[in-house]
Amino acid sequence: MPKIKVVFAKPLGFCFGVKRALRLTLNARKKTKAGPVITFGELIHNPQVLSELRRSGIVSVENLNELSRYNVKDNPAVVIRSHGCAPEIKEAIKKMGFNIIDATCPTVRRVSKFAQVFSKKGYFVVIVGNKDHPEVKGILGHVKDQKCIAVYHAKLPQILRRNEVKKLVLLAQTTITKEEFLSAIKKFDFAEFDEIKIINTLCKEAQLRQRSCQNLKNHVELIIVIGGRNSANTKSLYKLASGARSKVIQITKSQELIKNKVVRKMLSESQHELKVGIISGASTPIEAVAEVVTTIKALAQETPAGSGNKFFKSHFKEVINNNEC
Ligand code: SF4
């Protein structure tokens, strides 16, 4: 079995927006004595953290209909997660009598503000991002009269090609890659519009992760991307890591490594050293990263399996500090 050399793409662990949302939710849990704390949508795209939250009475609902099953007399708090939501959703929750804790990430709130301000000034709002992602839906919800649209990889929609729109503002979903934003911008024929404003609304922290991920490519044999399957920023990291010489896998938790064929094959074929790059999504806890490190080392028979916590306490911070990427 080879010796494992781990290289981290930093930052690791929760991003600033997720940490903030978690802190606000846990504070609400302390203050809300009787009733549950309800998050509007899953707070974090991480199954382990979600089940821990459920154990402490923090549940999630997907829509207003599900929320209406809770009794307002229990005085439950409703948390708007870091993705944010449309103002009309917030209004509806208030009308139902719930207390709102707004944990919208300030970076996402900034995009919504731009959408709102520019649409009031008569600009058509175009957001480059996935129209079905909750963040994009929330941002578009800040624009009145449907004078907005989300575009991603597809061709530009008819409305932007029929000369119906004269002035437009282009914004980005916070977690898409810089390359995706630039390639969408290039699709616009600047001669067709009186004015196009482009505002860089990409999240700086997500960009740092993406840059670090690109630096890792080709310098390691195996890249492990850790994060939820429905996490947009993890998807971006996976896409960026793919297509190089390094093999890339995405997992949500360390146990998935055990049966992973790519991992098994590489461990059995590598003779001396296997360089493994570790990348984590913005809603992956640092403890999950530590578990992945101990599991891959245990599979290479370097450390006993299940020693994650011990390893975390004794070595992990040091390992992170010494592995600049
Ligand atoms: S990835 Fe960026 S925009 Fe998204 S929650 Fe984290 S800090 Fe906020």
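Which strands does α5 lie across, and at about what angle does α5 run to β8? The exercises below treat this and related matters. The structure is a predicted model, in which local features need pLDDT of at least 70, side-chain atom pairs count only at pLDDT 80 or more, and totals for chains, interfaces and linings use all residues. Residues are numbered from 1 along each chain as its sequence is written.

**Exercise 1. Describe the placement of α5 and of the sheet beneath this heading's question.**

Step 1. Helices (H or I, at least four residues) and strands (E, at least two) are DSSP runs, numbered from the N terminus. Two strands pair if DSSP finds at least two bridges between them.

Step 2. The strand order β7-β6-β8-β9 describes an open sheet of 4 strands with parallel pairing. β7 (148-151) and β9 (195-198) stand at the edges; each has a single partner strand, so one side of each is left without a neighbour in the sheet. On average, neighbouring strands of this sheet are turned by 20 degrees against each other, direction ignored.

Step 3. Strand β8 (residues 167-172) pairs with β9 in the parallel sense over 4 bridges. Within β9, Lys 197 is the bridge partner of Val 169.

Step 4. Contact requires that the C-beta atoms of two residues, placed from the backbone, lie within 7 Å. Axes are lines fitted to C-alpha atoms, for helices over the stretch in contact, and angles run from 0 to 180 degrees between N-to-C directions. On this basis, α5 lies across β6 (124-128), β7, β8 and β9 and runs at about 175 degrees to β8. Helix α7 (residues 178-186) also lies across β6, β7, β8 and β9, running at about 135 degrees to β6.

**Exercise 2. Describe the sheet that contains β10 and its pairings.**

Step 1. This open sheet of 4 strands has parallel pairing and the order β1-β12-β10-β11. Its edges are β1 (3-8) and β11 (247-251), each with a single partner strand, so one side of each lacks a neighbour in the sheet.

Step 2. Strand β10 (residues 222-226) pairs with strand β12 (residues 273-280) in the parallel sense over 5 bridges. β10 is also joined to β11 by 5 bridges, and these two strands run parallel.

Step 3. Val 225 stands opposite Ile 279 in β12 and opposite Gln 250 in β11.

Step 4. Helix α11 (residues 261-269) lies across β10, β11 and β12, at about 135 degrees to β11.

**Exercise 3. Characterise the shell around the ligand.**

Step 1. A residue is near a molecule if its C-beta atom, placed from the backbone, lies within 6 Å of it. The ligand is surrounded by 15 residues, the closest being Cys 15, Gly 17, Cys 105, Thr 107 and Cys 203.

Step 2. Two or more residues of the shell come from each of α1 (16-31), α5 (106-120) and α8 (204-216). The largest share, 3 residues, is that of α1.

Step 3. Ala, Val, Leu, Ile, Met, Phe, Trp, Tyr, Cys and Pro count as nonpolar, Asp, Glu, Lys and Arg as charged, and the others, Gly among them, as polar. By class, the shell has 8 nonpolar, 6 polar and 1 charged residues.

**Exercise 4. Is Lys 19 buried, exposed or partly exposed?**

Step 1. A residue is buried if 20 or more other C-beta atoms, placed from the backbone, lie within 10 Å of its own, exposed if 12 or fewer, and partly exposed in between.

Step 2. Lys 19, found in helix α1, is partly exposed because 15 other C-beta atoms lie within 10 Å.
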